[in-house]
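Hi everyone, thanks for making time for this. I'll walk you through one structure, a few residues at a time, so have it open and click along with me.

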Amino acid sequence: MTPPKELRVDLIVGARPNFVKIAPIVRALRARGTFAPRLIHTGQHYDFLMDRVFFDELRIPAPDVNLKIGSGPASEQVAKIMLALHPLFVEDRPRLLIVVGDVNSTVAAALTACYLRIPIAHVEAGLRSFDREMPEENNRVVVDQLSDLHFVTEQQGEANLIAERIAPERIKFVGNVMIDTLYDALPRAIPAAETLAGLNATPAFHAAAAQKGYGFVTLHRPSNVDDPAKLAALIEALSAVSERLPLVFAVHPRTRANIEKAGLAAKFATPNLAACEPLAYLASLGLMRDAKVVVTDSGGMQEETTALGVPCITVRDNTERPITIEEGTNTLIGADPARILPIVEDILGAGGKRGRKPALWDGKAAERIAAEVEAFLRARG
Ligand code: UD1
């Protein structure tokens, strides 16, 4: 007889990076055979390329519930998610809520659970940029204060949590679930050549990429793309870089909307800068793996490039993921996009920054999380 799956836990996802993080956790919980997990999607992201394709490619089971919240100002998103989640938690109360990362869906779910006194586990706890201008930083601080279990990806996270008076026994250094997904998916990554061939790019781009390789660009943070002058300067700098190294720019919907609003589409149309829609996970992974450099403001890609050993230029003043700089291949360049070109020159000449893989980024973080969650729930009886 199979034992009853008595450990009812809820998992929340809402936005693109959440899907990448939740995939191995769902798998690891199911593998233990003792959990009855319910996957709740808030609907913060909803376009096929921002949402559904990740479920297909990463073999995430379809969500049990989709709240279909959609886009909107942060307070509205958070409030709508809370209103929709509350009755779900009341009707079928989970023994634990698992949240990942730092998006609006994460904080909304944690607040709802907190009011109902449902214990919370935060995966990717303790990361701090110390920049309260970033919406995600505020989300991280709030979620960590509300959580009962803190799963940490790098050791600095432990120190940050202890500095915020989180009890050390609640903090578990388990490694990085985003890297679990990366290792799992790497054999299935779509070869870069295939993605490049499918781009709507100029013959000049294809000729240059065949000869020199390419760089891969993603930019979507409000601090980079919401101010038209800043966005224009970034596009000019990337256009200059593309003359040395052709660039593929996967354009997030926020960035695309801002390019159009600011009338920058013409500036963007440079022969060696190939723009495309947001890429699905397996295409993005294949492009990242073989890129000469990645230029980004994404948190996840700073980690993924470190795991892959590919040089990464991060267009931000700070990072909540310092290990990618101290041990990995990441370089922070702050707000000045003119700093991109000399680093690309160095990569083309000397190969660029080399790094090593951080501790416990070994593909087994989710298994450790599942074991810790089970121990936590058993101890509570
Ligand atoms: C959110 C996360 C950010 C994460 C990013 C990954 C917060 C505070 N931010 O930012 O941490 O790095 O997701 O993408 O939660 N849109 C679409 N289709 C979609 C989703 C969004 O067109 O499927 C457009 C909408 O115009 C929307 C805008 O993108 O207003 C921004 O979406 P939103 O979820 O608010 O934030 P992101 O910028 O995606």
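Okay, let's start with one atom pair. A polar atom in the side chain of His150 lies 2.8 Å from the backbone oxygen of Asp144. Before I go on, please keep in mind that this is a predicted model. So where is His150? You'll find His150 in strand β6, which covers residues 149–152. Is His150 buried or exposed? With a relative accessible area of 0%, His150 is buried, because buried here means under 20%. And which residues surround His150, once we skip its neighbours within four places in sequence? The list is His122, Ala125, Asp144, Leu161, Ile166, Arg170, Ile171 and Lys172. Notice that Asp144, our partner from a moment ago, is among those contacts.

Now, the ligand. Around the ligand there are 17 residues, and the closest are Gln44, His45, Asp47, Glu136 and His220. Let's take some polar pairs one by one. His45 puts a polar side-chain atom 2.8 Å from a ligand oxygen. For Asp47, an N or O atom of the side chain is 2.8 Å from a nitrogen of the ligand. Asn104 does it with its backbone: a polar backbone atom there is 2.9 Å from an oxygen of the ligand. How much of the ligand does the protein cover? On its own the ligand has 740 Å² of accessible area, and the protein covers 84% of that. As for where the ligand is, it sits in the largest pocket. Two helices to highlight here are α1 (16–32) and α12 (253–261), each of which supplies at least two residues of the shell around the ligand.

Remember Glu136 from that list of closest residues? Its side chain makes a polar contact, at 2.8 Å, with the side chain of Arg221. Arg221 belongs to the loop between β8 (215–218) and α10 (222–225). Is Arg221 buried or exposed? The relative accessible area of Arg221 is 9%, so this arginine counts as buried. Leaving out neighbours within four places in sequence, Arg221 is in contact with Met134, Glu136, Asp226, Asp297, Ser298, Gly299 and Arg316. If you'd like a sense of scale, pick the C-alpha atoms of Arg221 and Ala375: they are 38 Å apart, with the two positions 154 residues apart along the chain.

Two names in that contact list, Ser298 and Gly299, bring us to helix α15, residues 299–308. How many of the residues in α15 are buried? It's 10 of 10, so to speak a mostly covered helix. Have a look at Ser298, which caps the N-terminal end of α15: one of its side-chain oxygens is 3.2 Å from the backbone nitrogen of Gly300. After α15 comes Gly309, with a positive phi near 75 degrees.

Speaking of positive phi, here are two residues that have it without being glycine. Phe130 has a phi of about 60 degrees, and it is found in the loop between β5 (120–125) and α5 (135–146). Phe130 counts as exposed, because its relative accessibility is 63% and the cut-off for exposed is over 50%. The second is Arg165, with a phi near 65 degrees. Arg165 is in the loop between α6 (155–163) and β7 (171–173), and it is exposed as well, at 79% relative accessible area.

Let's stay with Phe130 for a second and see what touches it. Glu137, in helix α5, has Phe130 in its contact list, along with Leu127, Arg128, Ser129, Asp131 and Arg132, leaving aside neighbours within four places in sequence. At 1% relative accessibility, Glu137 is buried. What polar partners does the side chain of Glu137 have? A polar atom of that side chain lies 2.9 Å from the backbone nitrogen of Ser129, and there's a side-chain polar contact with Arg140 at 2.8 Å.

Last stop: Leu273, in strand β10, residues 273–276. Leu273 is buried, at 6% relative accessibility. Its C-alpha is 6.0 Å from that of Val248, although the two are 25 residues apart in sequence. Not counting residues up to four places away in sequence, Leu273 touches Ser242, Leu247, Phe249 and Phe268.

That's my tour, thanks for listening!

Key:
Residues numbered from 1 in each chain as written. Predicted model: local features only at pLDDT ≥ 70, side-chain atom pairs only at ≥ 80, totals over all residues. Heavy atoms only, no water. Helix = DSSP H or I, 4+ residues; strand = E, 2+ residues; numbered from the N terminus. Buried < 20%, exposed > 50% of the residue type's maximum accessible area, 1.4 Å probe, protein only. Polar contact = N/O pair within 3.5 Å; in protein donor to acceptor, adjacent residues only side chain to side chain. Contact = heavy atoms within 4.5 Å. Near = heavy atom within 4 Å. Areas by Shrake-Rupley, 256 points an atom, 1.4 Å probe, with all protein chains shown as cover. 1 Å grid on protein atoms, 1.4 Å probe; cavity = no way out; pocket = protein on both sides within 12 Å on 5 of 7 lines; lining within 4 Å. Sits in = over half its atoms within 2 Å of the grid points.
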